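Got a minute to look at a model together? Let's go through a few helices and a loop, one question at a time.

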Amino acid sequence: MFDEEMISTRKEKEELRPVDLINSVITAGLFPKSKEINFFQYDEIMIDFDSILSLALREDLTEWSKEDRIYLSKILTNNMLYFLEQYIETSHISIYYNMEKYKVFSEIYPNWCIKRQQRYGNETIINLVHKLLIKKLEKLAEIKPSFSIIKCEDAPIMRIFKDMEHSNKSFIILSRDPHMLCLFAYYDVAIYNGRFIVNRSNYYLENEYPKVHYTLIPAYYMMAGIPRNEYKGVNGLGPKKTNKLINENKLAVIKQELPEMENVNKYRKIFYLRELL
């Protein structure tokens, strides 16, 4: 893990810089704070790199000091190397990245992640990520059978969905994207979101997640919306109303006969991923 002593010293001396925030987000995305949480029990660790690096991608490095650019370089390389050292001998690790516009989802819903996708035009950080990480990780993948780095043709969730098909392995996905919960409708997987691990048996215990059966999670997000991904859902329906509506009308939701679904049903393939793939 990146040197925590270094960042704690900087916190004492000055206010957090953007690079310090990036460090905390990337570190949390890969390394749970609780010593009771780890990923050793999973056969496959799947890392959504677009999600892990999302905060970093919004920064313009031309405005940064040389010190902070060097610091960011160490954050990117040291965290990833430490993660690989921990798990590469016990699990297969796959890094999924695109860092380009998500074509399919944007064709269905033009405003999908529109601001986030604008970050992929940030050449200063994109070039740094490719130079420091992608190229080196590609070379490592050539000599390490237990490691893969995958350039996705579209959104990482689509490739992750395909790669889990017809497999009996245990999977955990490292991603902050709530859209990933739609995978529960199809696969018994685990997701680490930078704070805790959720799966089919416990996701509903977390305040921010749906309180509906996992097979109905796609319908929940289709109606309630996903603010992080700039998808609005049904006007006037927030999380509480959507939970109540779905739980009281499960059959109508399954049959696509619920009136409230009518205006958003054209977006359903974003959430019902098997229909898309």
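What follows is a short chat between a colleague and a modeller.

Modeller: Heads up, this is a predicted model, where local features need pLDDT of at least 70, side-chain atom pairs count only at pLDDT 80 or more, and totals for chains, interfaces and linings use all residues. Residues are numbered from 1 along each chain as its sequence is written, and side-chain values use heavy atoms, with hydrogens and water left out.

Colleague: How far does helix α4 reach from its first C-alpha to its last?

Modeller: Helices here are DSSP runs (H or I, at least four residues), numbered from the N terminus. Helix α4 covers residues 66-87, so 22 residues, and the expected span is 1.5 Å times one less than that number of residues. The expected value is 32 Å, and the reach of α4 is close to that, at 32 Å.

Colleague: How does α4 lie relative to α7, roughly parallel or roughly antiparallel?

Modeller: Axes are lines fitted to C-alpha atoms, for helices over the stretch in contact, and angles run from 0 to 180 degrees between N-to-C directions. The axes of α4 and α7 (residues 123-143) come within 10 Å and cross at roughly 25 degrees. Angles under 35 degrees count as roughly parallel, over 145 as roughly antiparallel, 65 to 115 as roughly perpendicular and the rest as oblique. That's why α4 is to α7 roughly parallel.

Colleague: How many nonpolar residues are in the contact of α4 with α7?

Modeller: Contact means heavy atoms within 4.5 Å. Among the residues making it are Leu72 and Met80 of α4 and Val129 and Leu140 of α7. Ala, Val, Leu, Ile, Met, Phe, Trp, Tyr, Cys and Pro count as nonpolar, Asp, Glu, Lys and Arg as charged, and the others, Gly among them, as polar. With two polar and no charged, the nonpolar count is eleven.

Colleague: Is Leu57 buried or exposed?

Modeller: Leu57 sits in the loop between α3 (49-52) and α4, and Leu57 touches residues including Met99, Tyr120 and Ile126. Buried means under 20% relative accessible area, exposed over 50%, partly exposed in between (1.4 Å probe, protein chains only). Leu57 has 1% relative accessibility, so it counts as buried.

Colleague: And α9 with α10: what does their angle make them?

Modeller: Helix α9 (residues 217-224) and helix α10 (residues 239-248) have axes that come within 10 Å and cross at roughly 135 degrees. Because of that angle, α9 is to α10 oblique.

Note on methods
Helix = DSSP H or I, 4+ residues; strand = E, 2+ residues; numbered from the N terminus. Lists of a residue's contacts leave out its neighbours within four places in sequence.
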